[in-house]
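Here is my note for you to read beside the model. Keep the viewer open and go through the points in order.

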Amino acid sequence: MRGLICSRLHNTYTKRLNLSQRYAPEADLKKDCDYVSPANRTSNIRFIRYGKKLDETPEEMALKLYSTELYEWNHRCWEKLNSSYSYQKKAFLDQIEDSDDNNNDDFEQQMNEFYNSYLLSNKENFDQYTKDWRQANIKLMYLSCRAIKSRLLKNTKQTINILNIKRSTG
């Protein structure tokens, strides 16, 4: 483990998680910490394993559930797109290798043309992903606001109860 990451996520400290610990038993991990794994080799998405708080509100649980679903969806999309790109690039490089041209300037031009054609052929996929991603992030922001509001209300109620107890005893 590389140590603590400076950022905080959902009011718990975030730590890096080795790939072998991604599926580690719950007992081996601190319950109140969020763990971040290294980037996946095919999707380049970092998996987040959320910690559990004892006094979690239903809105906070809904946020964590949706965040996990969103990460899984992102992982599947990018795994599919990156695998497709790698496969097509390998086939293209094999095709170039079979030809007699070994000119570096020509190679760069061919790779540029390949990449442009790949982007154009997958434009609809990228556009649909972007549209879905934006919608999902808007929902994520909404759920985050609800979770923050519920935490504030819960903390306010607890503070008021403590103040009322002190008044009644003092």
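**Notes on the predicted model**

1. Start with one residue, D94. The relative accessible area of D94 is 34%, so D94 is partly exposed. Its salt-bridge partner is K90, with N and O 3.3 Å apart. K90 has a relative accessible area of 53%, so K90 is exposed. Both residues sit in helix 1, 4 residues apart, which means about one helical turn lies between them. Remember that all of this is read from a predicted model.

2. Now step back to the whole chain. It has 3 helices and 4 strands. What pattern does the chain follow along the sequence? It reads β-β-β-β-α-α-α. The strands thus come before the helices in that pattern.

3. Some totals help here. The chain has 170 residues, and 28% of them are buried. Its accessible surface is about 12,500 Å². Carbon and sulfur atoms hold 55% of that surface. Take the contacts with a separation of 6 or more: residues 24 or more positions apart make 49% of them.

4. Look at the strands next. Strand 3 covers residues 34-39 and strand 4 covers residues 46-49. They pair in the antiparallel sense, over 3 bridges. Find V36 and follow its bridge: the partner is I48 in strand 4. Strands 3 and 4 form a hairpin, with 6 residues between them. In the turn, N44 has a positive phi of about 60 degrees.

5. Move on to the largest nonpolar core. How many residues make up this core? There are 7 of them: L63, Y66, L70, A136, L140, L143 and A147. Helix 1 and helix 3 (123-169) are the elements that give two or more residues to it. Helix 3 has the largest share, with 4 residues.

6. The aromatic side chains deserve a point of their own. The model has 8 aromatic pairs. One of them joins Y85 and Y115. This pair is edge-to-face, with 6.1 Å from centre to centre and 90 degrees between the planes. Y85 belongs to helix 1 (residues 58-98) and Y115 to helix 2 (residues 104-121). The two are 30 residues apart, so the pair links distant parts of the chain. Y85 has 21% relative accessibility, so Y85 counts as partly exposed. Y115 has 41%, and also counts as partly exposed.

7. Compare that with F92 and F114. Are these two rings stacked or edge-to-face? Their centres are 4.9 Å apart and their planes are at 15 degrees, so the pair is stacked. Again the pair links distant parts of the chain: F92 is in helix 1, F114 is in helix 2, and 22 residues separate them. F92 counts as buried because its relative accessibility is 17%. F114 is buried too, at 8%.

8. Put these rings together. Y85, F92, F114 and Y115 belong to one aromatic cluster, along with Y118 and F126. Select the whole set in your viewer.

9. Return to charge. Side chains of opposite charge can pair when their charged atoms come close. How many salt bridges does the structure hold? The count is 7. One of them joins E56 and K64, where the closest N and O atoms are 2.4 Å apart. Both of these residues are buried. Set that beside K90 in the opening point, which is exposed at 53%.

10. Another salt bridge joins E60 and R151, with the closest N and O atoms 2.7 Å apart. E60 is in helix 1 and R151 is in helix 3. They are 91 residues apart, and the pair links distant parts of the chain. Are the two residues buried or exposed? E60 counts as buried because its relative accessibility is 9%. R151 counts as buried as well, at 11%.

11. Finally, do not view that pair alone. E60 and R151 are part of a salt-bridge network. Its other members are K53 and D55. Show the four side chains together to see how they are linked.

Definitions and conventions: Residues are numbered from 1 along each chain as its sequence is written. This is a predicted model: local features need pLDDT of at least 70, side-chain atom pairs count only at pLDDT 80 or more; totals for chains, interfaces and linings use all residues. Side-chain values use heavy atoms; hydrogens and water are left out. Rings of Phe, Tyr and Trp (its six-membered ring) pair if their centres lie within 6.5 Å; planes under 30 degrees apart count as stacked, over 60 as edge-to-face and the rest as tilted. Buried means under 20% relative accessible area, exposed over 50%, partly exposed in between (1.4 Å probe, protein chains only). Two strands pair if DSSP finds at least two bridges between them. A nonpolar core is a set of buried Ala, Val, Leu, Ile, Met, Phe, Trp, Tyr and Cys residues joined through side-chain atoms within 4.5 Å. Contact means heavy atoms within 4.5 Å. Accessible areas come from the Shrake-Rupley method with a 1.4 Å probe; for residues, only the protein chains shown count as cover.
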